[in-house]
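Me: I would like a close look at one part of this protein. Please keep it brisk, then set that part against the rest of the fold.
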Amino acid sequence: MTSRADDLVALRASGASFILELTRPVPRVLHWGADLGPVSADVADALVLTAGPAQLNNSPDAPRAFSVLPSEYEGWSGTPALAGNAQGVATTPRPHLVSHRVERDGDDRGGRILLDFEDAVAGLRTELRYGLDAHGVLSVEVAVTRDAALSPRAGSLPYTLDGVLPLLGVPERATEILDFTGKWCRERSPQRSPLGFGTHLRDARRGKSGHDSPFLFAVGTAGFGFGQGEVWAVHLAWSGDQRYLAERLPEGAGAASSVLGAGESLHSGEIVLRDGDRYEAPTALFAWSDRGLDAVTDRFHRRLRARAGHPTTPRPLVLNTWEAVYFDHDLDRLGALVERAADVGVERVVLDDGWFRGRREADAGLGDWYVDEDVWPDGLAPLVDLVRAHGMQFGLWFEPEMVNLDSDLARSHPDWVLGPAEGLGPAARSQYVLDIARPEAYEFLLERIDALVSEYAIDYLKWDHNRDLLEAVSRGTDGDRPSVHRQTRALYRLLDDLRDRHPGLEIETCSGGGGRIDLGILDHTDRVWASDCNDPVERTQIERWTRALVPPELIGSHLGAARSHTTSRVTDLSFRLTTALLAHAGIEQDLTAVDDAELAVIRRWAQLYREFRPLVHTGRIVNADLADPATTLSGVVAQDGSAALFTWVRTATSAAGQAGRVRIPGLDPAETYTVRVREDLGPASRHQGDDPAWVSAAAVDRAIRVPGAVLADAGLPMPTLNPQQALLLDIRRTEH
């Protein structure tokens with residue numbers, strides 16, 4: 001038998017592999033998952049032999065295939081990879097491979113597979129690019145170009161593209177789905193469901209990824225958790241409308257049982273291709289793990305940290321003025337706040353909403369990006385100079401994509417407002433959306449922001465976006481056109497233009513809190529605001545799941561007031577401070593209203609943040625799989641295993657009086673560690689008589705030596721804390 005090894009292309013990296021067979025007319029994926037090692041002739045032959053399913057009863061006469069561009073032509077009855085029409089015809093695509101290229105990054109370092117297709121029915125050229133990076137993340141990129149010459153019958157007609165959806169098969173043992181929902185102040189709330197027959201579809205159509213974004217869409221073996229089970233996951237690196245799905249048909253998907261996919265959700269008529277026009281789909285990122293969700297997280301974090309533009313300088317401790325002063329911009333009050341900020345060790349001050357013309361409340365002024373002379377008669381210079389005199393950076397809040405109708409901009413250019421010519425729908429937070437894909441609006445924003453950044457040498461922009469996009473159509477001479485795709489591309493371009501003009505400028509993405517967190521926006525920004533909720537009880541879960549995709553150095557987490565302004569819950573200072581350490585920390589609380597004793601604790605916390613940020617901002621995120629939902633154990637382990645920092649958190653009471661032995665994840669059982677309980681911020685309140693003996697021995701300035709096998713395999717009996725309390729564990733490897 002002739003070997004099929006020459007028809008196979010394999011990419012391997014970081015314990016994962018992706019193997020493709022160059023079948024005609026369309027290649028198929030033979031394997032995505034565990035590294036099968038070098039693809040020998042025997043392995044190649046076996047993969048090909050076992051790639052085909054049975055030919056079922058009451059089915060096509062040939063076994064159903066599942067290619068890289070699955071369609072009805074090959075017997076696939078599920079969601080197609082490509083969908084569209086040329087004014088009602090050319091609905092049965094026939095892509096065929098015309099060329100391929102393989103680029104390798106070295107042994108076991110991944111590479112790229114580039115496939116080019118032509119379709120004589122639809123009149124399309126399709127480029128499909130698979131890339132396995134050194135960390136085991138598989139990127140899938142698709143571009144579609146209209147080529148009239150390919151299709152004499154339909155080529156002269158415009159082609160409406162309805163969908164482009166990268167799909168990968170997953171095996172029968174994947175039986176559970178994990179994705180996310182949420183709302184304002186409760187983002188990234190996990191939900192689980194069985195992977196049953198049919199389509200589990202999440203269609204996010206908010207003009208952004210949304211507070212209820214699917215975020216990280218995973219399927220896995222029964223009961224998969226942070227540190228256990230096999231997981232297949234996908235994330236769409238895109239900040240517009242999104243579509244995620246897991247689909248299972250009775251006949252399967254080739255030799256696979258189900259499929260996993262993600263792509264842009266397109267409005268009807270949003271992408272219409274004429275001869276020569278090109279559509280580039282957002283990148284879908286897939287990751288596999290046989291060690292649970294934390295290993296998927298590690299792949300994504302390593303990918304992000306390897307980017308050329310990833311922040312490498314220490315993440316400065318931030319003070320943001322919003323919750324301290326809201327719209328009450330007074331130089332004396334803000335000056336006192338800056339003095340207190342400098343005293344506790346703040347390194348960056350951000351002036352939030354309220355500095356521009358007409359902005360005394362949230363119902364006016366958006367779009368008029370000029371310093372309000374009535375509030376700031378000498379401009380922002382007196383405040384900026386004070387901030388810089390203390391050696392701190394200065395940042396400024398903007399919401400460029402939004403506009404109030406009560407603004408000079410809207411009055412002068414009502415056609416710049418995104419919405420139908422027949423009349424705008426309801427406002428949200430008294431605001432509408434600016435059509436930034438319109439060249440004149442784009443240039444206006446670029447000029448105004450550029451001018452302010454230049455005038456004040458601004459170090460940092462907080463870029464907000466406080467509403468969903470509804471009826472997001474751009475007005476033109478030929479009617480209203482759906483514009484979410486164009487709006488999203490224009491946003492990316494605007495962010496890039498500003499950073500090109502101002503190297504070193506950092507930008508935080510905020511969208512009513514965590515309403516636009518995805519790896520698309522993070523290609524153009526430097527930080528995300530996880531939520532507008534600074535209540536540490538809510539924040540513990542929000543940030544825990546945000547870290548599933550985004551590394552902690554890119555997640556803003558701020559100290560709020562004792563009484564949360566979003567939930568009215570009252571919490572202890574030590575709890576609020578401890579839960580903000582596993583991120584890029586900051587302060588929202590009004591420091592001028594804090595007494596000297598609390599200010600001293602905040603000062604110690606700032607020192608603690610600087611002590612641990614080299615570890616937190618480079619290490620590997622780990623989470624314990626716990627049966628009690630009222631407790632969490634989350635931490636960061638140094639890449640070389642030399643140190644770790646964990647937070648043991650209780651948010652509510654439990655039926656059980658004891659937590660029992662809790663395994664400390666991420667540690668090496670063969671090593672020995674020194675364990676300290678860090679109570680620099682004050683002792684956590686207990687719901688018990690005495691601590692477990694090891695806690696007393698490891699408290700304050702003392703430490704205990706514990707074998708890694710006890711920590712990682714047997715576990716430590718954790719103290720029973722009162723609700724809304726946290727304990728900090730500082731663990732260091734003992735040098736032999």
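Which residues does Ser257 touch, not counting residues up to four places away in sequence?

Reply: Bear in mind that this is a predicted model. Ser257 touches Val170, Pro171 and Glu172. It also touches Arg248, Leu249 and Gly252. Ser257 sits in strand 17, which covers residues 256–264. Its relative accessible area is 13%. Buried means under 20%, so Ser257 counts as buried.

Now the rest of the fold. 8 strands close into a barrel, with parallel pairing. Their order is 21-22-23-26-29-30-31-32. From one strand to the next, the twist averages 30°. Take one pair in detail. Strand 22 (residues 348–351) and strand 23 (residues 393–398) are parallel and share 4 bridges. Here Val349 stands opposite Phe394 of strand 23. Helix 5 (residues 381–389) packs on the sheet and touches both strand 22 and strand 23. The direction of helix 5 makes about 140° with that of strand 23. Helix 8 (residues 484–501) packs on the sheet too, touching strand 26 and strand 29. Its direction makes about 165° with that of strand 26.

Next, the nonpolar side. The largest nonpolar core has 145 residues. Leu115, Trp355, Leu591 and Trp605 have the most contacts inside it. Helix 11 (residues 596–616) gives the most to this core, with 10 residues. Apart from this core lies another, of 30 residues. Val231, Ala233, Ala287 and Phe300 are among its members. Back in the largest core, Trp355 has contacts beyond its neighbours within four places in sequence, including Trp369, Trp376, Trp397 and Phe398. His329 and Asp372 are also among the contacts of Trp355.

Notes: Residues numbered from 1 in each chain as written. Predicted model: local features only at pLDDT ≥ 70, side-chain atom pairs only at ≥ 80, totals over all residues. Heavy atoms only, no water. Core = buried A, V, L, I, M, F, W, Y, C linked by side-chain atoms within 4.5 Å. Buried < 20%, exposed > 50% of the residue type's maximum accessible area, 1.4 Å probe, protein only. Helix = DSSP H or I, 4+ residues; strand = E, 2+ residues; numbered from the N terminus. Contact = heavy atoms within 4.5 Å. Pairing = 2+ DSSP bridges. Axes fitted to C-alpha atoms, helices over the stretch in contact; angles between N-to-C directions.
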